[in-house]
Amino acid sequence: MTAARNHAVGEAKVIPIECAPSWQAGRPALADRLADAVGGALAGPLGDTATRLLGKGWEGRAAGGLSFLRRRITGDYEVDDFGFDEELTEEVFLSLLRPLAEKYFRIEVRGIENVPAEGGVLIVANHSGTVPLDALMTQVAVHDHHPSRRHLRMLAADLVFVLPVVGELARKAGHTLACNEDAQTLLERGEVVGVWPEGFKGIGKPFADRYKLQRFGRGGFVASALRAQVPIVPCSIVGAEETYPMIGNFKTLARLLGLPYLPITPTFPWLGPLGAVPLPTKWTIQFGEPIPTDGYPKEAADDPMLVFDLTDQVRETIQHTLYKLLVQRRSVFF
C-alpha cells in the first residue's frame, strides 16, 4: 500500500466521514436553522429579486444547494478508501472547471464512445502545457460527454500530494499516487483510470518541442492494465501546448524551491499575476480505439518485451493522432 490511502484495500466500498463527537449532536440542528433562515429569506422579501437575477427554476437549484450545504455541515456524506468524495467532485470541482472547458478552451471531444460504459479502463494521454490543465480538462470531458457520466481517477505525481491544500483536494477528487499498485486496484474495481506517462518531462518541455512526445517511462501503466485485464484507450490532446508557451526555465531557482522546473513564458513573470492566466487556445481531446489486454494471461505483465511493445504501440498511436489533429486544425485560437 502507499500513502495514498490510510485504509486497507478490500472490496470497493464506501466509508462515511467520521464526525467529531464533541459537537456532532449540535450540527444537524444548526444546519436546519441555517437552511430555514436562508430558505425563508429567499421565499420572502428576496424572492422577486432572486427570480429576476437567477431566472425561473431558481427555487429548485437553491433547494439543492441548501441540501448540499446541510450534508457538508452535518457530515452526512461519504468517501471511498482513496478519499474520493463523489458529491463534492460533481457539485463543486467539476462545476468550477466546466466553464473553463466549455467557454474558455471550447473543448471539442471526439471518440468518447471508445471509453466503455462500465468496467475498468485505462486512459493514457499526452501531457503538456507547463501547468497540468490538460489532466483536469480530460476529467471534465470524460464525465460530461460520456453517456454514463463516468469519473476519471487520475494517477498523479508525488509532488501533488505534498502540496498544502492541493493534495487534499486531489484526494477528494478521486486521484491517487502514480504507482502500479493503486492503479491496478482501481482498475480491478471497474474504475476509469487516467495516466500521463510523460510526467514532468511532458508538461515542462520547451515550446520548441511542442507535440513531440517524451519518454513514456518503463511501461508500468501497461503492466497494471495487463494484470487487471482492462482495455487501454489512447488519448490525444491538442491545444494545451500553447496555453503557457515555455520559452525558458529558472533552473537554479527551481532547484532551490524543490520544483521540477520554473517556467518563463511570454507573459510570466513579466506581467506578474496576470502572467499566470492561460492563453484562450482552442482544444481538441480525442479518445482512440481501445487496445484490448484480455487476450493475454495476467502473467504477461511480467514479460518486459510485451510490456515494451504495448507501451510503444500506445505512444505511437497518440503521436500519430496528434499529427493528424494538428494538420486538421485551422488555428491555435479558433
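**Close-up views of a predicted model**

**View 1. Helices α5 and α6 pack at an angle of about 105° in this predicted model.** Here α5 covers residues 86-104 and α6 covers residues 133-145, and their axes lie 9 Å apart. Angles of 65 to 115 degrees count as roughly perpendicular, so that's the label for α5 and α6. On the α5 side, look for T89, E90, L94, L97, R98, L100, A101 and E102. They meet L136, M137, Q139, V140, H143 and D144 of α6. It's a mixed bag: seven of the contact residues are nonpolar, three are polar and four are charged.

**View 2. Here's the largest nonpolar core, with 31 residues.** The members that touch the most other members are L122, V124, F221, I232 and V314. At least two residues come from each of β4 (121-125), α9 (180-188), β7 (192-195), α11 (220-228), β8 (232-238) and α13 (304-328). The biggest giver is α13, with seven residues. Elsewhere there's a second, separate core of 29 residues, with L94, F105, V109 and A125 among them.

**View 3. Zoom in on I232 and its contacts.** Leaving out residues up to four places away in sequence, I232 touches L122, V124, V222, A225, E289, P290, I291, T293 and V314. L122, V124 and V314 may ring a bell, since they were named along with I232 for touching the most other members of the largest core.

**View 4. Helix α11 is largely enclosed by the rest of the structure, because seven of its nine residues are buried.** Those buried residues are F221, V222, A223, S224, A225, L226 and A228. What covers them? The cover includes β4, α9, β7, β8 and α13. Just past the end of α11 sits Q229, which takes a positive phi of about 60°.

**View 5. Helix α9 has its own set of buried residues: D182, A183, T185, L186 and L187.** Their cover includes β4, β5 (152-156), β6 (176-177), β7 and α11. Just after α9, you'll find G190 with a positive phi of about 90°.

**View 6. T284 sits in strand β11, which spans residues 284-287.** Is T284 buried or exposed? Its relative accessible area is 11%, and anything under 20% counts as buried, so T284 is buried. Setting aside residues up to four places away in sequence, T284 touches E108, R110, S236, I237, V238 and L325.

Technical notes. Residues are numbered from 1 along each chain as its sequence is written. This is a predicted model: local features need pLDDT of at least 70, side-chain atom pairs count only at pLDDT 80 or more; totals for chains, interfaces and linings use all residues. Side-chain values use heavy atoms; hydrogens and water are left out. A nonpolar core is a set of buried Ala, Val, Leu, Ile, Met, Phe, Trp, Tyr and Cys residues joined through side-chain atoms within 4.5 Å. Buried means under 20% relative accessible area, exposed over 50%, partly exposed in between (1.4 Å probe, protein chains only). Helices (H or I, at least four residues) and strands (E, at least two) are DSSP runs, numbered from the N terminus. Contact means heavy atoms within 4.5 Å. Axes are lines fitted to C-alpha atoms, for helices over the stretch in contact, and angles run from 0 to 180 degrees between N-to-C directions. Angles under 35 degrees count as roughly parallel, over 145 as roughly antiparallel, 65 to 115 as roughly perpendicular and the rest as oblique. Ala, Val, Leu, Ile, Met, Phe, Trp, Tyr, Cys and Pro count as nonpolar, Asp, Glu, Lys and Arg as charged, and the others, Gly among them, as polar.
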